[in-house]
Amino acid sequence: MTHPDFELLRREPVTALKLTVESYRHRITGARHVHLMADDPHNAFLVAFLTVPLDSSGVAHILEHTALCGSQRYPVRDPFFMMLRRSLSTFMNAFTSSDWTAYPFATQSRKDFDNLLRVYLDAAFFPNLHALDFAQEGCRVEFADPNDPKTDLVFKGVVYNEMKGAMSSPARVLSHTLSEQLFPTTTYHFNSGGDPEEIPSLTLEGLKGFHARHYHPSNAIFMTYGDISAHEHQTRFQDLVLSCFHENTGASSIPDEVRHSAPLRVEGTYALDGADEIQGKTHVVLGWLLGRSMELETLLNAHVLNGVLLDNSSSPLLKLLETSELGASPSSLSGLDDSGRELVFACGLEGSEPEHADAVEQEILDLLERVSREGVEPERLESVLHQLELSRREIGGDGMPYGLKLLLNALTPVLHGGDPVTALALDEALVALRERVKDPDFIKGLARQWLVDNPHRVRVVLTPDPILNARRAEQEAERLRAIRAAMDDAARQQVMEQARALMARQELEDDPEILPRLELGDIPDDIAIPEGTEAPLGQLPVFWFKAATNRLVYQQYVLDPPAMPDELLELLPIFSTCLPEVGCGGRDYLETQAHQSAISGGIAARIGMRSSVDDLERFRAVFCISGKALSRNQHALSQLLKDTIDTARFDEWTRLRELVAQMRSSAEMRVTENGHVLALSAAGAGLNAVAALNDRWGGMLAVRRLKALDKALDEPGELAAFAGRLEALREVLRQAPGRMLIVGEEEDFANFTDGLSRTWGGRERVSDLGGGISAGPLVGPERHAWATVTTVNFCARVHKTVPYAHPDAPVLAVLGLYLKNGYLHRAIRERGGAYGGGAGYDSDSGLFRFYSYRDPRLEETLVDFERSIEWLTSGKADARALEEAILGVAGLIDRPGSPAGESKRAFHDALYGRLPEVRRSFRKRVLEVTGADLRRMAETYLSPVGAGYGVVTQAEMMEKGLGGDWIKRTL
């Protein structure tokens, strides 16, 4: 039944996705509603707006933040973060893209869905947009000492600091520079997140005007997924929002970009603070503007062309980029971007030189010209179609709820006028695509039309500048000095009054009962944990898990790494990256890559590790090789996994050299995006074996070692020696005992057993002992500071506590959220201006950890970590806040993954001793935590004496802001 205020435009079942797509329009306002009707209680929602900024002030981004700071029905200062604590949501967030803003959530509770829907809709359509919230979330000026007008002025603000951190990344600078030049006249020309130099120019009036223009129902699209009917959703939309609007003001739109008549070449710079060596640090990228993303045939054609050129290392363009002597590795921008109105294809090199730009461009154009003349092998096209089928079939949900992922996949074309049914019901379109690719001129024509003969091409050469950040800091200081010089007494007084008013507002205790909430009684009594069966094949233990995988099969070979020399131990993460990327089974690496693409969704290898559930001094490590395939390819996948561990070849030295260069580039890029993870790693490295090995393999020392390895491999004999160590490590692991995990539909198991037995049946039975890896001696708690290229800081403090099965472990999990909700969020994010911060118990290592992310402060944040403990122990625990923390931890425990992901989790949990009864006991204890328990945790485990500290910062702040008791290093 259709709601009377809506008209049904189209309804169509999508068999491959096991749902029905329904498209509606609101009769009065024109608001659109797309509903994915599915037999799934994990319901998802989003409301999105086409947002079209005309400058780089970050107006859309700052509005997204400020809209979540209180609304008409819910006039509390921080309803978004408060609802995070009062919900069992499986996802809650808000996104600002280049041309849209969305407010999504998902939950398995009907009551929770209704609560969140009320708050989200009121926040989006009726926000208060308070001046002080705008000052907190956007950008403001304050005196360095807020009460002393004689001190210098500084810029503060959450989004301001977030974007200073984001734009410290060369990849972000490169992406924005390319977009700026590809789109000279439309909204994509601007930085939608905000340029730190322009963010201070945004006014509250400008923010409110942007909301009035873009957040009207006529410009909105409501999207829902799950077993709640469209009629029920529309009743809520009408009652809560749409009844308040009485006209259709028209939806925003973005025109097609005006095409360039000839290719452009532009140059830019990025910050590389204090670098003595800037050689091999240049980025050279080409970008093309293609067709419209909402035209399905165009979109699918573009994905096929992108796959043919870049799918794997045997693909012609990726092969060229990986093997080129003109740079270190393919650019992280390489590939198809379908997130905007018009498609963008880009490719290029990192680790190049400015003088190589012409040669890089010519190499790429020559390759594309050859593809446009000669085409590609039919097998390569078939592999790309196979990958499209696999991605279409797979039921995800491990990183983001499956229903919400489907909504976001359809969002871009729908916002730009595309048909939502067509965007999801792809079966007929894929059949038509298969017919088109039979034409031998199909790829030739696309390559010529979109790339070779397309004049709307931009080349960006981005070079490092070792003094750029210093120059920007001086420009910012001069700007602030000019603002200060222009102030009279009244203006200075106004700045101080705003600072005092903002601090008072941040300290204000709102009545949380204004907001709806769940209670502990709403938490389900139990959790569903998949159970597998063990059915050995010969001497090989095999664990079978039945799951609704839509006819995909997931396979893992999991082995126990034995004790090994340090020179091999340090190589494990590098070996894990190289293993699926080299030749095996008698094939070279190019043939292996092509074979992987033809029969699987890819092969991955990783090292995993957790402390024992009852003893932090013991731990278990496993090495896992995994893959997924359509059920018709399950035998081929099994053989490929075996070939990978048994016959991987490390004699293709040039390939190894390319892989190390790519790893180094990727690791350096991740520093500014994951600085808090690296700070936490450094802080915990001396406290127990798991933390020590994690830091050794993935911390800042690992990045430094990777840089040293990359440089050393150019020396005579080093590459051969490196290859020898990898081969030695493969042989050590090949002989280790292991077991198989199979996840799939039961109907596929019967046909799989014989083939699996032939492939793996001769394998040795797994030992009862854990892995023999040792972390070596521990140094105890230390203070580690790392300097890198960044304009913000990442701070961490870590304490050794208890293992997973200890009765205090669930209490520590609750304590983390209690400290974050009650003290750290306000101190670090609201008052301190950091993008994020908090605390939590890491059950893998048994450590309790404090952190901040993209933080303008350093020492002050470390002080706030200690003050949060003092705050806890000095007063009585708040019953409501405790219940919210318990609710939050329960929600994290109960958050579901994909059907395959849940099975894999159950298997690996059991492997580490987290049997279903242990997991259920942990969950039960969470629900029993008391305020006295929390205070006992602080007194027992959180003394500053035994704490480890870590920071990632810039060199100048490291030297000025940290004392002599810190171990200071530069990356």
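Two strands are paired here if DSSP finds at least two bridges between them. Helices (H or I, at least four residues) and strands (E, at least two) are DSSP runs numbered from the N terminus. On those terms, six strands of this predicted model form an open sheet with mixed pairing, in the order β17-β18-β22-β19-β21-β20. β17 (533-534) and β20 (603-611) are the edge strands, each with a single partner, so one side of each has no neighbour in the sheet.

Because the model is predicted, local features need pLDDT of at least 70 and side-chain atom pairs count only at pLDDT 80 or more, while totals for chains, interfaces and linings use all residues. Residues are numbered from 1 along each chain as its sequence is written, and side-chain values use heavy atoms, with hydrogens and water left out.

**The six-stranded sheet**

- Strands of a sheet pair through backbone hydrogen bonds, either parallel or antiparallel.
- At one edge, β17 pairs with β18 in the antiparallel sense over two bridges, and E534 stands opposite F543 in β18.
- β18 is also joined to strand β22 (residues 738-744) by five bridges, and these two strands run parallel. F545 has V743 in β22 as its bridge partner.
- At the other edge, β20 pairs with strand β21 (residues 619-630) over nine bridges in the antiparallel sense. G608 stands opposite V622 in β21.

**W544 in strand β18**

- W544 belongs to strand β18 (residues 542-546).
- Its relative accessibility is 9%, so W544 counts as buried; buried means under 20% relative accessible area, exposed over 50%, and partly exposed in between (1.4 Å probe, protein chains only).
- Not counting residues up to four places away in sequence, W544 touches G532, T533, A535, I742, F749, F752, T753 and L756, where contact means heavy atoms within 4.5 Å.
- W544 and L365 are separated by 179 residues in sequence and by 49 Å in space, C-alpha to C-alpha.

**Strands β1, β2 and β3**

- Strand β1 (residues 6-14) is joined to β2 by eight bridges, and the two run antiparallel. E7 stands opposite R25 in β2.
- β1 and β2 form a hairpin with four residues between them, and K18 in the turn has a positive phi of about 55°.
- β2 is also joined to strand β3 (residues 32-37), by six bridges and again antiparallel. In β3, R32 is the bridge partner of R25.
- The hairpin of β2 and β3 has five residues between the strands, and G30 there takes a positive phi near 85°.
- Seven of the eight residues of β2 (residues 19-26) are buried, so the strand is largely enclosed by the rest of the structure.

**Helices**

- Helix α11 (residues 357-374) has 18 residues, which at 1.5 Å a residue should span 26 Å; its end C-alpha atoms are 26 Å apart, in agreement. The expected span is 1.5 Å times one less than the number of residues.
- The buried residues of α11 are A357, V360, E361, I364, L365, L367, L368, V371 and S372. Seen down the axis, they fall within an arc of 155°, so they line one face of α11; the arc is that of the directions from the helix axis to the C-beta atoms.
- G375, just after α11, takes a positive phi of about 70°.
- Helix α30 (residues 809-831) has a kink of about 60° centred on L824. The bend at a residue is the angle between axes fitted to the seven residues ending there and the seven starting there.
- Of the 23 residues of α30, 19 are buried, so the helix is largely enclosed by the rest of the structure.
- Q506, in helix α18 (residues 489-507), is buried with a relative accessible area of 3%. Leaving aside neighbours within four places in sequence, Q506 is in contact with R77, Q136, R826, E830 and R831.

**Positive phi outside glycine**

- Most residues other than glycine have a negative phi.
- L129 has a positive phi near 50° and lies in the loop between α3 (110-125) and α4 (131-137). At 6% relative accessibility, L129 counts as buried.
- R854 has a positive phi near 45° and lies in strand β26 (residues 847-855). R854 is buried, with a relative accessible area of 4%.
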